[in-house]
Amino acid sequence: MKFIAAAKLPLLLERLGRHSQVYAPVAVDGRVWLSPWTGEDIAGGYVNPVNSLKTLVYPQTEAVLEFEGGETDVTVREASPPAPQVIFGGRPCDAAGLDLIARVFMEGPFVDELFRRRREATTIMTVACRQAAPSCFCRAMGLSPASERGSDVLFFPGPEGYLVEALTEAGEQILEQAAGLLDDATGDQARRACQELPVPLAGDLNTVRLTPEEGFEHPYWEHLARRCRSCGTCTYLCPTCYCTALFDVTRGTRGRRLRGWDCCQFKDFLLMAGGHNARPQKKQRVRNRFLHKLSYHPANYGEQACVGCGRCVDNCPVCLHMAGVLKDLGEVERA
Amino acid sequence: MNPLVPQVATIKNIVVETPDVRTFVVEPDHGQTFAYRPGQCAMVSVFGVGEAMLSISSTARRGGPLEFSVKRVGRVTGALHEAEPGHRIGVRGPYGNHFPVEDWAGSNLLFIGGGIGLAPLRALINHCLDERRRYGKFDIIYGARSPQDLCFQGELMENWPRAEDVGVHLTVDAADGDWKGAVALVPHFLEKLGPSPEGTTAITCGPPIMIKYTLASLKKLGFSDHQIVTTLELKMQCGIGKCGRCNIGSKYVCVDGPVFTYAQLKELPQEY
């Protein structure tokens, strides 16, 4: 394990910036974002950035291809490969979330090249949590403030600096670039790092193993849907939501096909030309989102698709969120 | 290679099937047409307009170019209907599973189509006709809104009825002056014909409402859940199981479908 003094952190990011685009937590008007870093003060004291790691590896919109020409002479070019990037300051829940959706993109009959290329061009330097918000529930989802999943390098913040541990080959390579800035950690530093982890909401919040047979027709979903505004806030902030749409944008004879985040809560999400809609009711869409994360995704990947980051808890305008649903379902099932 | 990037292909020919259905004969500009099996689909793009998942209505083992038989319903299909031979489009695929023809050896085959639902069935029927001796009797039940909306009339009226031991039974929702055939909705027509479930596999494709009532009619006739095969269609964007759209429970129509037995459908949430 290595150690880097807090004062040397900007030097480290500067050095990594010679070969990669560096992202770091930067406070903008009191809220911390993982932002392209150009020497700004590196924020500390935040629980979780507004934007999860997902936003930088699976961006809101990205180009799939470019096309040019008319109806009879069109040429198509694949979008250019992404530039290398290093992201410092994401949290372990978000790193786990990214790894969770990485399985969707990398496994199965097709590999999603756009995701694969960008993930492989990205080094994720996660910072373990020193504090939890009331909305944090990572422990309920089997994670912890220092979970390693999905990170290339894990930083443990302490009073004088960070303990630094490389977890992957990519992580080791990036630390080689930091030669001279890192020291070997003392046993005392390592011990302190382990003792200071916070305790987010844990307990038996998540006792739910829902199957469609048990839960699909339960009146609970109707009750839940009455509150939902279908605004999509939860899906856009969620580190494990990954629904997208493809669409063409043209200017003159040139154009691009883009992939952009979509939202399963919108009424037209499944609307087909001709008018058929498999989930026209809000109840169906709300139910599908929660059952996807708690039942359908586990059926395909053996794990629930939530990492307890708490963004839906903090941001849903009607307090309809995963922590509440997990709690409710536990009660519904017992009833 | 990025699976979302299509091959550029040229529309070689356009066959006007009905007032709102055209068959597009398509060849890729570089390289070969991908291999595919009956029931599989492909994403077809009109650049600048978008993509649509379309079933492939040609039969791979006959060689020849890809064919898509397309009803004009939305933006992409509308743009295709405006296209002319020589226009370039994008094609990527094949996507989804296929009809489990290997399970049907020795079985009678009952094909039940409605409207543009005959497009994937056409690929299947021609595939099975080319290995006619592997199966028992064929019956093709097909309905459309009106006589002029019957697709693939050359095959319906000539090729298929002439083939060995094939019964073709046509119906329309509403007749016009010259129509001498049946006037009934497909599920009613099916019940009236009353085919025996004995040693028979029923395969049905059509609009969702037709499929729903046809499944009920087949049950009434005594078909077991395993003897009934159908296809589902949901809104799709990526075709490769990544965009999170076409799920029914834990299954994705684009990779786990579009072909399901009724037994498989019953395991899924009734949400399609």
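These questions and answers go through a predicted model, from helix angles to sheets, domains and chain contacts.

Q: Why are α8(A) and α10(A) called roughly perpendicular?
A: Their axes cross at roughly 105°. Angles of 65 to 115 degrees count as roughly perpendicular. Therefore α8(A) is roughly perpendicular to α10(A). The axes of α8 (residues 220-227) and α10 (residues 282-301) of chain A come within 8 Å.

Q: Which residues of α8(A) and α10(A) meet?
A: From α8(A) come A:Trp221, A:Glu222, A:Leu224 and A:Ala225. From α10(A) come A:Lys282, A:Lys283, A:Val286 and A:Arg287. Residues are in contact if their C-beta atoms lie within 7 Å. By class, this contact has four nonpolar, no polar and four charged residues.

Q: What makes β10 and β15 of chain B edge strands?
A: Each pairs on one side only. The open sheet has seven strands in the order β10-β9-β8-β7-β11-β12-β15 (chain B), with mixed pairing. The edge strands are β10 (182-183) and β15 (259-261).

Q: How do you know that β11 and β12 of chain B pair?
A: Pairing needs at least two bridges. Strand β11 (residues 200-205) and strand β12 (residues 228-231) of chain B have three bridges, in the parallel sense. B:Ile203 stands opposite B:Val229 in β12(B).

Q: What does helix α5 of chain B touch in the sheet?
A: Helix α5 (residues 208-220) touches β7, β11 and β12 of chain B. Its direction makes about 180° with that of β12(B). Angles over 145 count as roughly antiparallel, so the two are roughly antiparallel.

Q: Which strands does helix α4 of chain B lie across?
A: Helix α4 (residues 186-193) lies across β7 (108-114), β8 (138-144), β9 (166-172) and β10 of chain B. The helix runs at about 145° to β8(B).

Q: Which domains does the assignment give for chain A?
A: Domain 1 is 2-59 + 82-195, and domain 2 is 212-334. Their centres, taken over C-alpha atoms, are 27 Å apart. The contact takes 23 residues from domain 1 and 17 residues from domain 2 of chain A. On the domain 1 side, helix α3 (residues 92-106) of chain A gives the largest share, nine residues. That side divides into 16 nonpolar, four polar and three charged residues.

Q: How many residues of chain B are in contact with chain A?
A: 37 residues of chain B are in contact with 43 residues of chain A. The elements of chain B that give two or more residues to its side are β4 (50-55), α1 (75-82) and β6 (88-95). By class, that side has 16 nonpolar, 14 polar and seven charged residues.

Notes: Residues numbered from 1 in each chain as written. Chains lettered and ligands numbered in written order. Predicted model: local features only at pLDDT ≥ 70, side-chain atom pairs only at ≥ 80, totals over all residues. Helix = DSSP H or I, 4+ residues; strand = E, 2+ residues; numbered from the N terminus. Nonpolar A, V, L, I, M, F, W, Y, C, P; charged D, E, K, R; others polar. Axes fitted to C-alpha atoms, helices over the stretch in contact; angles between N-to-C directions. Domains from an automatic or database assignment. Parallel < 35°, antiparallel > 145°, perpendicular 65-115°, else oblique.
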